[in-house]
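Thank you all for coming; please have the sequence and the structure open while I talk. I would like to go slowly through two places in it, a strand and a single residue.

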Amino acid sequence: MAVTTPALALGNRAPDFTLEGIDGKTWSLADVRGAKGTLVMFICNHCPYVKGAAARIVRDAKELQAIGVGVIAIMPNDTDAYPDDSFDNMKTFSRRNGFTFPYVIDRTQSVARAYDAVCTPDFFGFDAGLALKYRGRIDAGGKSEVPGARRELFEAMRKIAETGQGLETQYPSVGCSIKWRR
């Protein structure tokens, strides 16, 4: 079922975390924090919205990393109920899509709850001081690329890196609901 992200008070500070990465490392917010901003995204392997946006996510992440924005992807879903989102499948998904950023698992779902994440993909853009400046979609495409669509996530994060401020108009992300444990 598709859901949209709720409006969130801009300015909230990024909740800290320590999560296991597919690379065998443990990653914290401090480890991925960029000098000019940080992008925290909640994604998974099975969601058609994430699959459809994966190439755009990777493209934007690479370009943002090049300008000093730290990037991390967190997989929050219940892997018992959704085995396509398993840790091993996360490794395959990352490799297949050429991730240039850490991909970590939120086994307890406490990080997703701390961020008030509701769907995959769900994007949180923070300034250099870790204040929330963007909570929105990657672009108008959703599951598929729309030729000529404005790169909203990229533009917002670039503006945050340059000025410390996000876009005035932000549209909610749309995706599959997070698969919460019972």
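**A covered strand and a buried aspartate**

Let me begin with how β4 is paired, keeping in mind that this is a predicted model: β4 and β5 run parallel and are joined by six bridges, and if you look for Gly37, you will find it opposite Val69 in β5. Between β4 and β8, which covers residues 122–126, the pairing is antiparallel and extends over five bridges, with Phe123 in β8 as the bridge partner of Met41.

If we now bring in helix α2, residues 48–66, we can see that β4, α2 and β5 make a β-α-β unit, and that this unit is right-handed.

Which way do the residues of β4 point? Gly37, Leu39 and Met41 point one way, whereas Thr38, Val40 and Phe42 point the other way, and all of them are buried. Strand β4, residues 37–42, is accordingly described as mostly covered, with six of its six residues buried.

My second place is Asp85, which sits in the loop between β5 and α3, the latter being residues 87–97. What is the nearest side chain of opposite charge to Asp85, and how far away is it? That side chain belongs to Lys179, at 7.7 Å, and Asp85, although buried, has no salt bridge. The side chain of Asp85 does, however, make a polar contact of 2.8 Å with the side chain of His46. Beyond its neighbours within four places in sequence, Asp85 is in contact with several residues, among them Cys44, Asn45, Met75 and Met90.

Terms used: Residues numbered from 1 in each chain as written. Predicted model: local features only at pLDDT ≥ 70, side-chain atom pairs only at ≥ 80, totals over all residues. Heavy atoms only, no water. Helix = DSSP H or I, 4+ residues; strand = E, 2+ residues; numbered from the N terminus. Buried < 20%, exposed > 50% of the residue type's maximum accessible area, 1.4 Å probe, protein only. Lys, Arg positive; Asp, Glu negative; His and termini not counted. Salt bridge = Lys/Arg side-chain N within 4 Å of Asp/Glu carboxyl O. Polar contact = N/O pair within 3.5 Å; in protein donor to acceptor, adjacent residues only side chain to side chain. Contact = heavy atoms within 4.5 Å. Pairing = 2+ DSSP bridges. Right-handed = clockwise from strand over helix to strand, strands pointing away.
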